[in-house]
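Me: I have a structure open and would like to talk through its ligand site and a few details of the fold. Could you take my questions one by one?

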Amino acid sequence: MSPQPNALNLISRPRRLRRTPALRRMVQETNLTVNDLIYPMFVMEGENQKVEVASMPGCYRYTLDFLVKEVAEVYALGINAIALFPVIPEAKKDETGSESYNREGLVQRTVAALKESTPDLVVITDVALDPFTSHGHDGLLDEEGYILNDETVEVLVKMAVSHAEAGADMVAPSDMMDGRVGAIRDALDEAGFTNVGILAYSAKYASAYYGPFRDALDSAPKSGDKKTYQMDPANSIEAIKEVELDIAEGADIVMVKPALPYLDIISQIREETDVPVAAYNVSGEYAMIKAAGQNGWIDEKKVILETLLSIKRAGADLILTYFAKEVALMLK
Ligand code: PBG
């Protein structure tokens with residue numbers, strides 16, 4: 001290194017620690033690793049098929065046989081956990097989402113198959129009725145179309161217990177009904193599943209970023225929106241209240257969703273709580289990066305890593321992301 005004059009008489013030169021890659025690595029505050037990632041995956045009925053989701057390039061709906069193979073690959077890459085979402089045929093949907101707790105249902109069969117094929121993989125199931133209801137809402141409706149809380153929780157409880165019976169390691173209520181975490185915890189314990197955990201979608205916002213996911217599952221609400229149960233994007237104090245309630249009711253991990261437009265919420269919750277905090281880098285966040293990448297407008301791989309790092313830096317301990325497999329390959 002050639003000598004440099006101190007023309008400005010500076011004492012502090014932060015650039016000193018940025019001069020070489022090794023120096024930069026030494027002072028790097030946040031690291032993204034494969035252990036941070038949870039991979040959301042879609043399963044559908046049938047055999048021998050995978051179908052790409054149009055609005056989520058690189059994401060597929062897999063039939064169970066294909067999913068088992070894909071999951072083996074994903075686990076071999078070091079990904080510890082998947083979050084499972086089912087595509088339910090219209091014919092099996094009804095007003096109350098009763099297929100959700102069918103012991104022979106798609107989710108239940110898939111969980112059992114995965115626990116057989118990759119027993120060490122953490123299988124997390126989604127607990128919400130929207131893939132199962134004919135109207136596409138996360139709960140039961142009254143005559144005016146209002147989503148009934150306590151009646152819905154009764155169904156969610158049955159659903160969660162059926163997932164535990166199938167072998168799920170954790171259940172993840174994503175419905176935003178009041179009191180569901182406590183009710184699920186009680187029911188799991190009563191059924192002997194004291195070791196099945198709850199990853200609570202605690203601060204889940206009524207977000208337009210879920211669009212591509214609803215395409216993937218054909219689960220968009222047929223009427224109205226989800227604003228009477230999911231949170232108002234304008235609120236942050238309320239997020240803390242939701243998190244506190246879920247922890248008091250027995251949540252093992254709390255989640256903020258979506259991630260990128262809510263990094264401030266992730267930070268606040270990380271500071272306020274003493275359980276792991278997850279963030280869901282949702283379908284719309286994925287689709288925007290993919291679209292720009294496919295157009296050659298951004299360096300996709302770098303943007304993916306920077307995005308996930310930012311979620312981690314904001315305070316997330318875990319990230320649910322459709323980029324999980326790609327990132328695991330990049331980090332190898
Ligand atoms: C279902 C559920 C949704 C997502 C996860 N679980 C959609 C919704 O609430 O409408 C969204 C995930 C994503 O957009 O990636 N309750």
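Me: How far is an oxygen atom of the ligand from an N or O atom in the side chain of Ser 283?
Reply: Happy to help, and do keep in mind that this is a predicted model. Polar contacts are pairs of N or O atoms within 3.5 Å. The Ser 283 side chain meets that cut-off, with its N or O atom separated from a ligand oxygen by 2.7 Å.

Me: How much of the ligand does the protein bury?
Reply: Start from the ligand taken alone, which exposes 400 Å². The share of that area buried by the protein is 100%.

Me: Where does the ligand sit?
Reply: The residues around the ligand number 18, and those coming nearest include Lys 204, Arg 214 and Tyr 322. By class, this shell has eight nonpolar, three polar and seven charged residues. As for the site itself, the ligand is in the largest cavity.

Me: Which side chains have a polar atom 2.9 Å from a nitrogen atom of the ligand?
Reply: One is an aspartate: a polar side-chain atom of Asp 138 lies 2.9 Å from a ligand nitrogen. A serine side chain also has an N or O atom 2.9 Å from a nitrogen of the ligand. The names are Asp 138 and Ser 174.

Me: How many residues apart in sequence are the parts that Tyr 286 and Phe 323 tie together?
Reply: The count of aromatic pairs comes to 10. Tyr 286 and Phe 323 form a tilted one, 4.6 Å centre to centre with 45 degrees between the planes. Since Tyr 286 belongs to helix α9 and Phe 323 to the loop between β12 and α11, the pair ties together parts whose separation in sequence is 37 residues.

Me: Is the peptide bond from Lys 257 to Pro 258 cis or trans?
Reply: Pro 258 is in the loop between β10 (253-257) and α8 (263-272). Omega for the bond from Lys 257 to Pro 258 is near -10 degrees, and the bond is cis.

Methods:
Residues are numbered from 1 along each chain as its sequence is written. This is a predicted model: local features need pLDDT of at least 70, side-chain atom pairs count only at pLDDT 80 or more; totals for chains, interfaces and linings use all residues. Side-chain values use heavy atoms; hydrogens and water are left out. A residue is near a molecule or strand if one of its heavy atoms lies within 4 Å of it. A polar contact is a pair of N or O atoms within 3.5 Å; within protein, one must be able to donate a hydrogen and the other to accept it, and residues adjacent in sequence count only if both atoms are side-chain atoms. Accessible areas come from the Shrake-Rupley method with a 1.4 Å probe; for residues, only the protein chains shown count as cover. On a 1 Å grid over the protein atoms alone, a cavity is a set of points where a 1.4 Å probe fits but cannot get out, and a pocket is an open set with protein on both sides within 12 Å along at least five of seven lines; lining residues have an atom within 4 Å of a point. A molecule sits in a cavity or pocket if more than half of its atoms lie within 2 Å of its grid points. Ala, Val, Leu, Ile, Met, Phe, Trp, Tyr, Cys and Pro count as nonpolar, Asp, Glu, Lys and Arg as charged, and the others, Gly among them, as polar. Rings of Phe, Tyr and Trp (its six-membered ring) pair if their centres lie within 6.5 Å; planes under 30 degrees apart count as stacked, over 60 as edge-to-face and the rest as tilted. Helices (H or I, at least four residues) and strands (E, at least two) are DSSP runs, numbered from the N terminus.
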